[in-house]
Amino acid sequence: MKFLSHSDKEKNEYLVLLYQLVVVMLFYSAFRIIFYLFNTELFPNVTFGSFLTVMRGGLKFDLSAMLYLNAFYALLYLLPLPFKFSKGYQNFLKTIFVSFNGIGLALNSIDLIYYRFILKRTTYNVINILENETNMLRLWGQFLIDYWYVAVLFIAAIYCLTKAYSWIKPRPAKLPNKWLYALASLVAITLFSGFSVIGMRGGYRHSTRPINMANAGKYVNTPDEMALVLNTPFCLIRTWGKKNFTTYNYFEDEAILEQAYNPIYYPDSTAHQNRKNIVIFILESFNREFLGSFNPHLDNGRYKGYTPFLDSLAQHSLIFPNTYANGRKSIDAMPSVLASIPALVLPYVVSEYSANQINGMPHLLKKAGYQTAFFHGAPNGSMGFDAFANVAKFDRYQGMTEFDNDDEFDGMWGIWDEPFFQFFAREMNKMQGPFMTALFSLSSHHPFKVPEQYEGFFPKGTLPIHQCIGYTDNALRKFFEAAKKMPCYDNTLFVITADHSTVAHYDISRTSLNKFQIPLLFFSPGDSTLKGVNNAVAQQIDIMPTILNYIGYSESEYVAFGNDLLDEKADKFSISYTNGSYQLYHGDYVIHFDGENIISAYNLSKDPFLKNNIKDTDQQYLNHLPLMKGIIQQYNNRMIEDRLTVESGDKE
């Protein structure tokens, strides 16, 4: 193959622009393939045929993102400037082109790895979350070290993009005079602008709504696969600065709405008062799969897991193996667990409604005479946890500052779990009952290290996080050894759950539903009613009403979007939000709904891997739609209208 001569590399300027934009599209498609190769195990149901459909569908989203990022460049390129083909201006255009498209490639590169941690494409609200993290420079530095190959891939992509840009150079369109050339340029700008509007919107019809992330559902079998169709620049652009809560009016009659779903709890004033102390552990990234006691079916009954202490404690506790998180990120967990507010659409704490009045558990328990405290071993202010602790009305927040011993700093996130759990035990022992405390752990987190003295002590397992799970489990064992010696121990309810799920080893843990799976355990020494296995559907937002009803709370009505898990008559369900659609697990069905249309539906009892979309073949799932619509309407409308409390006295 002979090399092109210089003259062969010069083409009509409009053809060169088209060539450049096609090159960008090819890079986006290449990154989609790379994204899949990096995360193949997270998409177990993708076949060669379905991946071709994904690639085809992805072109629409790539075109939209590409046009957004190149609109400014194209305008500068098409303007009929007298110095347009000078070396200086052409170098300026090249810088603009590579810079803007470099941002797009950088975002796609980040999600090659970051997707594993949040199980969704990066969106604007993720940027908000990162802004609340106090040690971002250290975290980014560690990520670059651990995933250096992604940085190399990005640099290689920029190099190839730069070379591809320079491969063909533009020459002026051959026109008789400069006035016709100017006119041709204006026509080109007009045509490109019209094409850009169509491409950005995803269609040309007047009735066509601009495409959003939910439109990716058209090209997949399950909602989790929508991440393959989408690209990160599109997701970030489409969610930038958006107010994502929408008013819904599925039920115009309030009585019918309440019949479909009512989040208001009316405590029984005659209920038995059981004012136990309450201790809640929210464990970082504890996938349900990690506990042997919650997975007796794995490996034909031979699975042991990585949590020997929790498995032993489960024998004396009431456990809920079918428990699901209501969000995907750590920042979602505090509102869900401590205030019964799920993370639907975006995290409550970074939404425009984060200033709403809420009736979190600490606030309600104050009315019953409880002292409250929240503990997190990270630097104070990390993830905005201290801010939410204040909004939820905890009496105090105890973080790395109060721990006051940087010798136990893990070098990345905060204080190692074992010493911080012991600090938690000592501080808890100082509190006067009744009290309520919550601790958010942190050691089971990237870069998945354990203290030097524990290297090789815990099973490495099949995933980097497994030894960290063993370490935190051992820290829990030592905490309970200390707690048993305290006077408050026998009169305490311990609740252990997780903030969110994470990457798992088994295929069954990778479905769109099970990507939310977490453990949930209730333990109270000497209480025989809190023992056994309850296979009812459970979720994080069930924890608050379950605890309040267990202790016989009767001080006031309150809003909680979950159920009392100890109430056998309660209609159990799990609600979450994934890739632009609401996900409801109710009865035998898992339903995905974007607020207007059913995306998919599955019969979980017959199809545990969620492979067969039955939305057009089994209409029985429609019986569960009123509940889903009721939850969405109550949640969104109450959020927008600041009605997350019941009593007027809650609006202090």
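This briefing walks through some strands, helices, loops and surface residues of the structure above. The model is a predicted one. Two sets of strands come up: the covered strand S10 with its partners S4 and S12, and an open sheet of four strands in the order S16-S17-S18-S19. After that come a nonpolar patch on the surface, the surroundings of Phe143, and a few backbone details in loops.

**Strand S10 and its partners**

- A good place to start is strand S10, which spans residues 492-498 and is mostly covered, with seven of its seven residues buried.
- Thr492, Phe494, Ile496 and Ala498 point one way from S10, while Leu493, Val495 and Thr497 point the other way.
- Both of these groups are buried.
- Strand S4 (residues 277-283) runs parallel to S10, and seven bridges join the two.
- To find this pairing in the model, look for Ile282, which stands opposite Thr497 of S10.
- Strand S12 (residues 520-523) is joined to S10 by four bridges, and here the two strands run antiparallel.
- Within that pairing, Val495 has Phe522 of S12 as its bridge partner.
- As background, strands of a sheet pair through backbone hydrogen bonds, in either a parallel or an antiparallel way.

**The open sheet S16-S17-S18-S19**

- Four strands make up this open sheet, in the order S16-S17-S18-S19, and their pairing is antiparallel.
- Strand S16 (574-578) and strand S19 (598-603) are at the edges with a single partner strand each, so one side of each has no neighbour in the sheet.
- On average, neighbouring strands of this sheet are turned by 15° against each other, direction ignored.
- Is S16 enclosed or left open by the rest of the structure? Four of its five residues are buried, so S16 is largely enclosed.
- Five bridges link S16 and S17 in the antiparallel sense, and one pair to look for is Thr578 with its bridge partner Ser581 in S17.
- S16 and S17 form a hairpin with two residues between them.
- In the turn of that hairpin, Asn579 has a positive phi of about 50°.
- Further along the sheet, strand S18 (residues 589-593) and S19 run antiparallel and are joined by five bridges.
- In this pairing, Tyr589 stands opposite Asn603 of S19.
- Helix H19 (residues 625-640) lies across S16, S17, S18 and S19, and runs at about 130° to strand S17 (581-586).

**A nonpolar patch on the surface**

- Leu175, Leu180, Leu183, Val187 and Leu191 make a nonpolar surface patch of about 440 Å².
- One of these residues, Leu180, is located in helix H7 (residues 178-201).
- Is Leu180 buried or partly exposed? Its relative accessibility is 37%, so Leu180 counts as partly exposed.

**Around Phe143**

- Phe143 belongs to helix H5, which covers residues 136-146.
- Which residues does Phe143 touch, leaving aside those up to four places away in sequence? They are Phe117, Trp148 and His446.
- Phe143 and His446 are 303 residues apart along the chain, and 8.7 Å separates their C-alpha atoms.

**Backbone details in the loops**

- Some context helps here: most peptide bonds are trans, and most residues other than glycine have a negative phi.
- His446, the residue touched by Phe143, is joined to Pro447 by a cis peptide bond with omega of about 15°.
- Pro447 lies in the loop between S9 and helix H17 (466-483).
- The peptide bond from Gly433 to Pro434 is also cis, and its omega is near -5°.
- Pro434 sits in the loop between helix H16 (417-430) and strand S9 (435-440).
- Ser340 is not a glycine, yet its phi is positive, near 55°.
- Ser340 is in the loop between helix H12 (330-339) and helix H13 (361-366), and it counts as buried because its relative accessibility is 0%.
- Leu610 is not a glycine either, and has a positive phi of about 50°.
- The loop between S19 and H19 holds Leu610, which counts as buried because its relative accessibility is 0%.

Key:
Residues are numbered from 1 along each chain as its sequence is written. This is a predicted model: local features need pLDDT of at least 70, side-chain atom pairs count only at pLDDT 80 or more; totals for chains, interfaces and linings use all residues. Side-chain values use heavy atoms; hydrogens and water are left out. Buried means under 20% relative accessible area, exposed over 50%, partly exposed in between (1.4 Å probe, protein chains only). Two strands pair if DSSP finds at least two bridges between them. Axes are lines fitted to C-alpha atoms, for helices over the stretch in contact, and angles run from 0 to 180 degrees between N-to-C directions. Contact means heavy atoms within 4.5 Å. Patches are made of residues with over 30% relative accessible area and no salt bridge: like charges are joined within 9 Å, nonpolar side chains (Val, Leu, Ile, Met, Phe, Trp, Tyr) within 5 Å. Accessible areas come from the Shrake-Rupley method with a 1.4 Å probe; for residues, only the protein chains shown count as cover. A salt bridge is a side-chain nitrogen of Lys or Arg within 4 Å of a carboxyl oxygen of Asp or Glu.
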